[in-house]
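Student: I should like to work through this structure by question and answer. Could we begin once it is on display?

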Amino acid sequence: MKLKKLLVGALSAALIFSSASFAFAAADPTSGELGGQGNVEGAVKTDFFKVELPTVANTDTTYNFILDPQELIKATDAANYTGLTKANFEDGATVFFKNSDSKYSSKSNALTATNLGSVDADITVEATLSDTVSGAEAIKFNSDSTFEGDTDTSMYLAMTEVSATEPAESAVEKEGDTTKATLTSKIDKNPVSSFEKAVENGEYVYKLKSDAPKDKTYSFAMTGKCNPAGDWTKAKTVQPKVLVTWEVAEATNDKAPSIATTAYTATANTPLEITVDLGAGSKAATGIESVTYLNKAGEAKTVDATTGYTYANSKVTLTAATIDTFVGSSNTTRTYKITFNDTAKTAVDIVLSK
């Protein structure tokens with residue numbers, strides 16, 4: 001009886017092991033799968049436009065100016081200005097901008113736009129004279145700061161670049177229905193080495209390093225002169241008003257031809273080199289269409305493209321013979337108009353003085 005029980009027990013164990021062995025064999029896979037999901041850690045735009053513009057209050061007086069064509073401030077030792085003397089005013093100036101409580105000069109304080117981005121920026125600055133000022137017609141605006149031959153009650157008012165290698169200057173003059181001056185330029189982008197990738201508020205960003213030099217700037221100011229030959233008694237109550245605006249945009253590849261420096265001093269028997277920019281893209285020129293000037297009779301005269309001037313390597317060179325015709329004349333200044341061969345026939349006036 002005991003043997004039978006043992007046999008039954010052994011048989012039961014055998015069946016158990018046999019059953020277990022069969023189960024393990026059935027669970028052994030011949031294929032399988034497992035799902036997963038990828039997450040983008042982040043992405044930043046490395047080409048971006050960002051320009052910090054000048055911030056001024058409505059009460060800012062940067063562009064207020066004093067007209068002193070007869071140099072009365074100097075003649076009276078600034079008697080009309082409490083606590084100041086003529087030493088506080090630029091010697092020889094006839095238009096004054098307040099630079100500080102103790103300094104007045106012919107140039108206003110500069111305003112500066114700073115490129116904080118990784119792409120070039122185009123900037124346009126315009127100074128527009130108000131047409132609604134009572135009596136403003138008593139003052140005329142001359143684009144020639146020497147006032148050669150001008151006996152009108154006139155002034156020279158211009159926007160000028162500051163701290164540029166060859167600062168451009170644009171005089172206020174009549175353009176259709178408006179009287180304005182316009183400066184255009186490019187503010188260079190910052191180098192790649194000035195940027196870093198960082199995390200801000202849980203987001204990845206591409207930004208200027210905190211210690212990166214913020215030196216990609218464009219500064220501009222206003223300057224002026226009065227014509228001493230005019231009868232200023234007619235304009236004592238005139239208050240010309242000017243509005244200066246500035247606008248920036250991401251630089252485009254299209255740029256019209258231009259000449260940064262437009263005023264030169266001529267020297268006898270010496271050619272004069274004028275650096276020009278042919279522009280870029282669809283607005284670019286490939287060369288010079290013509291160089292002209294007005295004679296005493298007001299007739300346009302064309303400078304010979306072989307003997308009068310040459311063009312090469314972004315320079316227009318007025319020959320010594322051309323310079324000598326001016327130096328030998330009775331004129332103290334002469335304006336040459338350089339016209340490019342672009343589609344718009346862009347023309348820039350160059351003023352020569354002795």
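Student: Which strands do the buried residues of H3 pack against?

Tutor: The model is a predicted one. Helix H3 spans residues 320-327, and Thr-322, Ile-323 and Phe-326 are its buried residues. These cover an arc of only 95° around the axis, which places them on the same side of H3. The strands that the buried residues of H3 pack against are E17 (272-275), E21 (315-318), E22 (333-340) and E23 (347-353).

Student: At about what angle to E22 does H3 run?

Tutor: An α-helix has 3.6 residues a turn, so residues three or four places apart point the same way. As for its placement, H3 lies across E22 and E23. Relative to E22, H3 runs at about 145°.

Student: In what order do the strands of the open five-stranded sheet with mixed pairing stand?

Tutor: Strands E16 (263-265) and E19 (300-302) are at the edges, each with a single partner strand, so one side of each lacks a neighbour in the sheet. From one strand to the next, the twist averages 30°. The order is E16-E23-E22-E18-E19.

Student: Which residue of E22 is the bridge partner of Tyr-293?

Tutor: Strands of a sheet pair through backbone hydrogen bonds, either parallel or antiparallel. Strand E18 (residues 288-294) and E22 pair in the antiparallel sense, over five bridges. The partner of Tyr-293 in E22 is Tyr-336.

Student: Which strand gives the most residues to the largest nonpolar core?

Tutor: That core has 30 residues, of which Ile-123, Val-125, Leu-157, Met-159, Phe-220, Met-222 and Val-244 touch the most other members. At least two residues come from each of several strands, including E3 (95-100), E6 (121-129), E8 (154-162) and E14 (217-226). With five residues, the strand that gives the most to this core is E6.

Student: Leaving aside neighbours within four places in sequence, which residues are in contact with Val-244?

Tutor: Val-244 is one of the residues that touch the most other members of the largest nonpolar core. With sequence neighbours within four places left aside, its contacts are Tyr-63, Val-125, Glu-126, Ala-127, Met-159, Phe-220 and Met-222.

Student: How many residues make up the other core, which includes Ile-323 and Ile-338?

Tutor: Ile-323 is a buried residue of H3. This other core lies apart from the largest one, and Phe-340 and Val-348 are also among its members. Its number of residues is 23.

Student: Is E5 largely enclosed by the rest of the structure or largely open?

Tutor: Strand E5 (111-115) supplies at least two residues of the largest nonpolar core. Two bridges join E5 to E1 (residues 51-52), with the strands antiparallel, and four bridges join E5 to E14, also antiparallel. Asn-115 stands opposite Val-51, while Ala-113 has Tyr-218 as its bridge partner in E14. Four of the five residues of E5 are buried, so this strand is largely enclosed.

Student: Is Glu-71 buried, partly exposed or exposed?

Tutor: Glu-71 is in the loop between strand E2 (65-67) and helix H2 (72-75). Phi of Glu-71 is positive, near 50°, in a residue other than glycine. Its relative accessible area is 28%, and values between 20% and 50% belong to the middle class. Glu-71 is therefore partly exposed.

Student: Is Phe-147 buried or exposed?

Tutor: Most residues other than glycine have a negative phi. Phe-147, in the loop between E7 (140-141) and E8, has a positive phi near 55°. Because its relative accessibility is 7%, Phe-147 counts as buried.

Note on methods
Residues numbered from 1 in each chain as written. Predicted model: local features only at pLDDT ≥ 70, side-chain atom pairs only at ≥ 80, totals over all residues. Heavy atoms only, no water. Buried < 20%, exposed > 50% of the residue type's maximum accessible area, 1.4 Å probe, protein only. Arc of directions from axis to C-beta. Contact = heavy atoms within 4.5 Å. Core = buried A, V, L, I, M, F, W, Y, C linked by side-chain atoms within 4.5 Å. Pairing = 2+ DSSP bridges. Axes fitted to C-alpha atoms, helices over the stretch in contact; angles between N-to-C directions.
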